[in-house]
Structure formats: C-alpha cells, structure tokens
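Visitor: Could you walk me through how to read a few features of this structure? I would like to hear the general idea and then the case at hand.

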Amino acid sequence: MEWYLFLDDIRTLEQANVSYSKDELVLIARNMDDAIFYVERYGIPQAINFDHDLAEENYVVGQGDRTGYDFALWICDYILDNSLDFPKNFYFTVHSMNPVGKEKIIGYMNNFMKHLEEERSK
C-alpha cells in the first residue's frame with residue numbers, strides 16, 4: 001500500500017506548504033508514537049514530511065526525546081532491524097522552523113539513504 005506520513009504536532013498540510021492529490025493516502029501523526037504505529041501497521045511510507053519540535057505534552061519523563069529527529073533515528077533502525085528498504089522513489093522533506101533540528105534530520109536521513117544505496121550496490 002502506498003501512503004504518505006506527515007509528522008507535525010500542530011500544523012496542517014497547508015500550513016506546512018505540503019500538498020498531495022486527493023487520491024493519495026496521507027496519514028497525519030501528531031507525535032512520534034503515532035508515527036511509529038502507522039509504520040508498524042502500514043509499512044514504510046512513500047514519503048515523510050518531518051517536523052522536528054513536537055509539543056512537550058508528547059514527551060514522557062524517562063522515555064527520552066520524542067522529536068522528529070528521534071523518529072528519523074527510529075525508522076532507520078526499524079529498516080535495518082527488519083531488513084527492509086524505502087519504497088522506490090521514496091523522498092522526505094523537513095518543514096521544521098528549528099534550523100538545527102531541520103539540519104540534523106536532513107543530514108541523518110541523507111547519510112542513511114546513502115548507506116542503503118552503497119549496501120545495495122555491493
């Protein structure tokens with residue numbers, strides 16, 4: 001099943017300048033736990049639109065950070081641990097207003113995708 005993940009605690013697709021056609025399945029995750037649930041249930045999405053800073057009420061003391069960056073770490077580990085891959089033509093965007101968090105997500109995802117590509121070419 002082809003689907004798209006939008007991870008943001010507050011914004012709508014329009015507010016984040018993200019658009020999809022009406023016939024595409026877009027699931028909106030307002031926190032990291034929802035994003036994990038969707039991936040575990042529906043598989044790896046065709047695209048991920050990341051926000052970095054998720055509302056503080058989404059954090060539970062003692063469970064570590066729950067940012068968009070932490071979700072990026074989680075999904076990459078999930079792919080490795082389960083011998084999965086991103087779908088063909090997978091892409092991601094980061095619409096976070098946090099410039100440091102945005103660059104962390106971009107850097108990590110790009111490095112991970114490069115690693116997968118190198119492994120495939122061996």
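**Salt bridges and burial**

Guide: Let's begin with a charged residue: at 0% relative accessibility, Asp 8 counts as buried. Keep in mind as we go that this is a predicted model.

Visitor: Which residue forms a salt bridge with Asp 8?

Guide: The idea is to look for a side-chain nitrogen of Lys or Arg within 4 Å of a carboxyl oxygen of Asp or Glu. Here Arg 11 is the partner of Asp 8, and their closest N and O atoms are 2.8 Å apart.

Visitor: Is Arg 11 buried or exposed?

Guide: Buried means under 20% relative accessible area. Arg 11 has 17% relative accessibility, so Arg 11 counts as buried.

Visitor: What other side chain does Arg 11 meet in a salt bridge?

Guide: Asp 51 meets Arg 11 in a salt bridge, at 2.9 Å from N to O. Arg 11 sits in the loop between β1 and β2, while Asp 51 sits in the loop between β3 (47-50) and α2, so this pair ties together parts that are 40 residues apart in sequence. Asp 51 counts as buried too, because its relative accessibility is 3%.

Visitor: Where do Glu 117 and Arg 120 lie?

Guide: Both are in helix α3, three residues apart, which is about one turn of the helix. Their side chains meet in a salt bridge at 2.5 Å, N to O. Glu 117 is partly exposed, with a relative accessible area of 46%, and Arg 120 counts as partly exposed at 44%.

Visitor: Which residues do salt bridges that share partners join into one network?

Guide: That network is made of Asp 8, Arg 11 and Asp 51.

Visitor: And how many salt bridges does the count come to?

Guide: The count comes to six.

**Helix packing**

Visitor: At what angle do α2 and helix α3 pack?

Guide: For a pair of helices, read the angle together with the distance between the axes. Helix α2 (68-81) and helix α3 (residues 99-120) pack at about 10°, and their axes are 9 Å apart. Angles under 35 degrees count as roughly parallel, and that makes α2 roughly parallel to α3.

Visitor: Is the crossing of α2 and α3 left-handed or right-handed?

Guide: The α2 and α3 crossing is left-handed.

**Backbone angles**

Visitor: Why would I look at the sign of phi?

Guide: Most residues other than glycine have a negative phi, so a positive value is worth a look. In this model Asn 17, which is not a glycine, has a positive phi of about 55°. Asn 17 is found in the loop between β1 and β2 and is exposed, with a relative accessible area of 73%.

Visitor: What is the phi of Asn 89?

Guide: Asn 89 has a positive phi near 65° and is also a residue other than glycine. Its place is the loop between α2 and β4 (91-94). With 61% relative accessibility, Asn 89 counts as exposed.

**A nonpolar patch**

Visitor: Which residues make the nonpolar surface patch?

Guide: To find such a patch, join nonpolar side chains within 5 Å among residues with over 30% relative accessible area. Met 1, Leu 25 and Tyr 42 make a patch of about 300 Å² here. One of these, Leu 25, is in the loop between β1 (4-7) and β2 (26-29). Leu 25 is partly exposed, with a relative accessible area of 36%.

Notes:
Residues numbered from 1 in each chain as written. Predicted model: local features only at pLDDT ≥ 70, side-chain atom pairs only at ≥ 80, totals over all residues. Heavy atoms only, no water. Patch = residues over 30% accessible without salt bridge, like charges linked within 9 Å, V, L, I, M, F, W, Y side chains within 5 Å. Areas by Shrake-Rupley, 256 points an atom, 1.4 Å probe, with all protein chains shown as cover. Helix = DSSP H or I, 4+ residues; strand = E, 2+ residues; numbered from the N terminus. Buried < 20%, exposed > 50% of the residue type's maximum accessible area, 1.4 Å probe, protein only. Axes fitted to C-alpha atoms, helices over the stretch in contact; angles between N-to-C directions. Parallel < 35°, antiparallel > 145°, perpendicular 65-115°, else oblique. Left-handed = near helix turned anticlockwise from the far one by under 90°.
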